[in-house]
Amino acid sequence: KKIFILVFASAVTFSSCQKEAGILGKKSLSGTVFYKNGATAADEIAPGAVVKIAYGANAATADFDQLIYADSNGQYKIEGLKKGDYFITAEFTDSNGFNYVTAGYVITIRNKKSDLQLDINLE
């Protein structure tokens, strides 16, 4: 009985020390959101695009933990991320009412000291 209790206590201790993806870290993810203009076929910046992020996701998901808006230059920045897996997607509606989306991107943050750059391309 004593051995079982020690093994169980160790398992609980190790699992509670494991860091999970999410906020309160030191990493940031930033980039520019572009869309392929249907009229000109040119890649253009997507000001005000909605960027969504799911913490701890290593595949596409419909559940997101945070959303931010790209600025007037199509740039976004998500700060305070921990090491772990994330799913990123974005959407944009142009001035003519056409919607642009992406299937999304899975990223893994492994190093807690450097920042990541991810430009998002919408179609």
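Modeller: A contact means heavy atoms within 4.5 Å. This is a predicted model, so local features need pLDDT of at least 70, side-chain atom pairs count only at pLDDT 80 or more, and totals for chains, interfaces and linings use all residues. Residues are numbered from 1 along each chain as its sequence is written, and side-chain values use heavy atoms, with hydrogens and water left out.

Biologist: What is the mean pLDDT of the chain?

Modeller: pLDDT is the predictor's confidence in each residue, from 0 to 100. In this chain, 78% of the residues reach 70 or more. The mean is 84.

Biologist: Over which residues does pLDDT stay under 50?

Modeller: Look at the N-terminal stretch. The model gives it 0 contacts beyond four places in sequence. The stretch with pLDDT under 50 is residues 1-19.

Biologist: How many helices and strands are there in the chain?

Modeller: Both are DSSP runs, numbered from the N terminus: helices are H or I, at least four residues, and strands are E, at least two. From the N terminus on, the order is α-β-β-β-β-β-β-β-β-β-β. The count is 1 helix and 10 strands.

Biologist: Of the contacts with a separation of 6 or more, what share comes from residues 24 or more positions apart?

Modeller: Take the contacts in the chain with a separation of 6 or more. Residues 24 or more positions apart account for 63%.

Biologist: What percentage of the 123 residues is buried?

Modeller: Buried means under 20% relative accessible area, exposed over 50%, and partly exposed in between (1.4 Å probe, protein chains only). Of the 123 residues in the chain, the buried share is 33%.

Biologist: Which strand gives the most to the largest nonpolar core?

Modeller: A nonpolar core is a set of buried Ala, Val, Leu, Ile, Met, Phe, Trp, Tyr and Cys residues joined through side-chain atoms within 4.5 Å. The largest one has 22 residues, and Val33, Val51, Tyr76, Ile88, Ile120 and Leu122 have the most contacts inside it. At least two core residues come from each of β1 (27-36), β3 (50-55), β5 (75-81), β6 (84-93), β8 and β10 (120-122). With 4 residues, the top giver is β6.

Biologist: Why might such residues sit together?

Modeller: There is a general tendency in soluble globular proteins. Nonpolar side chains tend to be buried together.

Biologist: Which residues from Tyr100 on does Leu122 touch, not counting residues up to four places away in sequence?

Modeller: Leu122 has contacts in several parts of the chain, including Val33, Phe34, Tyr35 and Lys36. Ala90, Glu91 and Phe92 are also among them. From Tyr100 on, the partners are Tyr100, Val101 and Thr102.

Biologist: Which residue forms a salt bridge with Glu91?

Modeller: A salt bridge is a side-chain nitrogen of Lys or Arg within 4 Å of a carboxyl oxygen of Asp or Glu. Here the N to O distance is 3.3 Å. The pair links strand β6 to strand β3, 39 residues apart. Glu91's partner is Lys52.

Biologist: Is Asp43 buried or exposed?

Modeller: Asp43 forms a salt bridge with Lys36, the closest N and O atoms being 3.3 Å apart. Lys36 counts as partly exposed, at 35% relative accessibility. Asp43 is at 51%, so it counts as exposed.

Biologist: How far apart in space are Gly104 and Ala60, C-alpha to C-alpha?

Modeller: Gly104 is in the loop between β7 (99-101) and β8 (105-109). In sequence, Gly104 and Ala60 are 44 residues apart. In space, C-alpha to C-alpha, they are apart by 6.9 Å.
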